Amino acid sequence: MMRRRDRAYGIAAAFLVWIAASVISLSGQSAPSPSPQRTLLDRYCVTCHNDRLKTANLSLQGLDLTTVGDQAELWEKVIRKLRAGVMPPPDVARPPLADYEALRDWLESEVDRAAATRVAPGSVVLHRLNRTEYANAIRDLLGLEIDPATLLPPDDSANGFDNIAGSLTISPTLLESYTTAAARIVRMAVGSWRSPVEATYLAQSDASQSQRLDGMPFGTRGGIVARHIFPADGEYKFSLQNFGVGSFIPGEQLALVIDGERAHVWPYRGVGLAVGMTADTDGTLEVTVPVRAGSRLVGATFIATNYRPSLDIIRHYDRQSLENNTIPQMQNYPAIGFLRIQGPFNAERPADSVSRRKLFTCRPSSSPQASRVRAPEGASVGAEGERDCARAILTPLARRAYRRPPDAAEIATLLSFFDKGRGEGGFDDGIELALRLILASPQFLVRGEREPAAMRAGQAYSISDVELASRLSFFLWSSIPDDELITLAAARRLGQPAVLEQQVRRMIADPRSEALVSNFAQQMLYLRNLAGTAPDGIFYPNWDDELRQSLKRESELFFDSIIREDRNIVDLLTADYTFVNERLARHYGIPNIYGSRFRRVTLPPEMDYRRGLLGKGSFLAVTFTQNFRSSPVKRGAWVLENILGTPPPEPPANVPALEETKGDGKPLTLREQMTLHRTQQPCAGCHKIMDPIGFALENLDADASWRAKQGGDGGMPIDAKVKLFDGQEVDGPSELRTALLRYSPQFVRMFIEKMMTYALGRGLEYTDMPTVRAIARASGKDQNRFSTIVLGVVRSAQFRMRVKGT
């Protein structure tokens, strides 16, 4: 018995040993070798991004590469760094370029393949109009130009733009501002404004006093210019001051100009000597003149009877002396820096205006103005038909303002307000009260999208054609849809592919698409920051407001040319042309350009460094620091964010100041200071990437002028030779631009990301990245044309769909 049992145990043991050996043998034969992607990650990435170090709070150790699509949020971070070429970091081994790009492309395809089975359009329910959109809507609805900054508080920005729904909150104070604004706007539109108001304008402290100001007649020089809204026909009082600065010669004359026409002329002989500018008037010139209602350009400017108003023999800098600057070579021309406008006095209801023509499309026969405007077809205009006429006026207004056909209840409410106003005054008063209701209503102020009641929370669905029309118009025009869009949407035809494309191309060709420059491009390129850019006059005595405005206009026209000519958006980096007027051409050193008109010029070979955005003065000026020098760090950060799409993190607290001298007291160049700073933690990681980019641009000064030495002719030579984050060696701006072109596909993706953010009014999530790449692939087949990218955004699920909220 024992023998049989031992024998059985022996057989079983042998069997188990055989099985174990077989398993070991089989596993050894069938164990797969690591994939090329795993090998690259383990060799070049996991050394830092592992479970122990977790550099940048990221570990790639042991991640399952067969489920990349299930961890899209993590892998999108990796893809972004690889696309920009900033990882692995400088001074760390990199794989061969072909292997590097193959890993990047494989990760993208894996994420995109998994995303193809999901729809993630995002959800924005309420979207308040920002100030710009509000002003544009008033313009298109009533034909009335307004300054929203005088009526509404500023909007908050998020994700780089001021039209992000999440930041456009609504408070009781804001609602009160909207109600007050509606009352003021309607009084201007109808012509019932009576009470005087006052507005004061101050010239920029560095405004030019030697050149003709934009909008002023030829043959004038300096002064101050402002666009003012005159709320009614009447008399207005204009007051000017010159702050007691400026020399003079006999025969100077100062003109008040309104819309290019001289309204009044004073002889000017200096402070206390000009007619009316005496101690009794506190050094102020005053005049009262009649002005018609509307938005008008008002200027107080000197008549250029000569172009040498100063008797000083010293050659002057361009900067003038409204500010308290001690440089004797600052221009000392007579200067006007203050303009106050008060009125209207003796106001009258205008007999005719653009806004009244848009409003009063019919007149009841009892009105004294009945014969002036023909009634629309089908409208009754008899004395008993005032309500029919009111309906004919208010219905199309509500249709445009609400961005959809109004329903019967909404029209009934408007007519009840008309009845109330008509009972307290006349026909115009009834229209005024109803219009106030329209402009203060949520249907006008908020872009709401209705959710289907039958759908469950979290389910994606297509928005209606009417909602699509609003999305289109606020994206491309920053304003309300026009009648053509609303008509197509109401007929449910706008969503048809051919119709949608035709409308997008029509809207881009429309002048209102200038909003893509004044809103989208201005914010994307930081052009709005130029207003606060003022390099110190001691170091930059030729910087003035005319140069500031010229730099801004150059970039606006450059971006506009990409839109109007439907160019490849990579031309933003490479184009060999720019736009200059005389002031900017002189600053850049471009000869034979005269006058204030901007014109397109091809850059000569010796100015190759001016090509594209990196050579534009606006970019170079907004990245200065401390008022007296350029900033390699800011320029590098700008390139990382706006070209490579990888913005650096915010700097840590208590960053030490740069050391300006060595231990022996010898001064350090800016590059030497930054190199020393870069050795300190936690600064080193980001600065190793940013600083070389900025150093390559150091030949371009804070005011965008070219320089060979730091600190002037007697300073230290500029060293613009650098080794970039990816190992490329460059010397100067031109070679930097060429090196960055390796990443032009990433620039296209970055551009699409910013455009989608602006179009959707929300920040993008990792779930949106497959759509960004799909648009980039489609646009690449059409040479990355601007219109192709816009159409890609408009056709995307993110633009045409949304998710029902909880």
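**Notebook: helices, sheets and aromatic pairs**

I began at the residue just after α24, where Gly761 takes a positive phi of about 70°. I note at the outset that this is a predicted model.

**Helix α24**

I then checked the length of α24 itself. Its 17 residues should span 24 Å at 1.5 Å a residue, and the end C-alpha atoms are 24 Å apart, which agrees. I next looked up burial along α24: 16 of the 17 residues are buried, so the helix is largely enclosed by the rest of the structure.

**Aromatic pairs**

I searched the whole structure for aromatic pairs and obtained 21. I took Phe418 and Phe427 as one example: the ring centres are 5.5 Å apart and the planes stand at 70°, so I recorded the pair as edge-to-face. Phe418 is buried, with a relative accessible area of 2%. Phe427 is also buried, at 6% relative accessible area.

I returned to α24 through a second edge-to-face pair, that of Phe751 and Phe786, with 6.4 Å from centre to centre and 70° between the planes. Which helices hold these two residues? I found Phe751 in helix α24 (residues 744–760) and Phe786 in helix α26 (residues 786–795), so the pair ties together parts that are 35 residues apart in sequence. Both Phe751 and Phe786 are buried. I also followed the ring pairs outward: they link Phe751 and Phe786 into a cluster with Phe161, Phe475, Phe520, Phe559, Tyr758 and Phe799.

**Charges over rings**

I looked up two arginine residues lying over tyrosine rings. The charged end of Arg600 sits over the ring of Tyr577, 3.7 Å from the ring centre. Arg610 lies over the face of Tyr588, at 3.9 Å from the centre of that ring.

**Helix α6**

I measured nothing by hand here and read the computed span of α6 (residues 172–190): its 19 residues reach 27 Å from the first C-alpha to the last, close to the 27 Å expected at 1.5 Å a residue. I listed its buried residues, among them Leu174, Ser177, Tyr178, Ala181, Ile185 and Val186. Against which elements do the buried residues of α6 pack? I found β1 (126–128), α5 (131–142), β3 (220–230), α7 (354–359), α10 (427–440) and α11 (442–445). Just after α6, Gly191 takes a positive phi of about 95°.

**Sheet containing β3**

Because β3 appeared among the partners of α6, I turned to its sheet. This open sheet has 4 strands in the order β3-β8-β5-β6, with antiparallel pairing. I noted β3 and β6 (261–267) at the edges, each with a single partner strand, so one side of each is left without a neighbour in the sheet. Neighbouring strands of this sheet are turned by 15° against each other on average, direction ignored. I then examined β3 and strand β8 (residues 294–303), which pair in the antiparallel sense over 9 bridges. Ala226 stands opposite Val298 in β8.

**Sheet containing β4**

I looked up another open sheet, with 4 strands in the order β2-β9-β4-β7 and antiparallel pairing. The edge strands are β2 (197–202) and β7 (284–291); each has a single partner strand, so one side of each is left without a neighbour in the sheet. The twist averages 20° from one strand to the next. For strand β4 (residues 233–241) and β7, I recorded antiparallel pairing over 8 bridges. The bridge partner of Ser239 in β7 is Glu286.

Key. Residues are numbered from 1 along each chain as its sequence is written. This is a predicted model: local features need pLDDT of at least 70, side-chain atom pairs count only at pLDDT 80 or more; totals for chains, interfaces and linings use all residues. Side-chain values use heavy atoms; hydrogens and water are left out. Rings of Phe, Tyr and Trp (its six-membered ring) pair if their centres lie within 6.5 Å; planes under 30 degrees apart count as stacked, over 60 as edge-to-face and the rest as tilted. Buried means under 20% relative accessible area, exposed over 50%, partly exposed in between (1.4 Å probe, protein chains only). A charge sits over a ring if NZ of Lys or CZ of Arg is within 6 Å of the ring centre and within 35 degrees of the ring normal. The expected span of a helix is 1.5 Å times one less than its number of residues. Contact means heavy atoms within 4.5 Å. Two strands pair if DSSP finds at least two bridges between them. Axes are lines fitted to C-alpha atoms, for helices over the stretch in contact, and angles run from 0 to 180 degrees between N-to-C directions.
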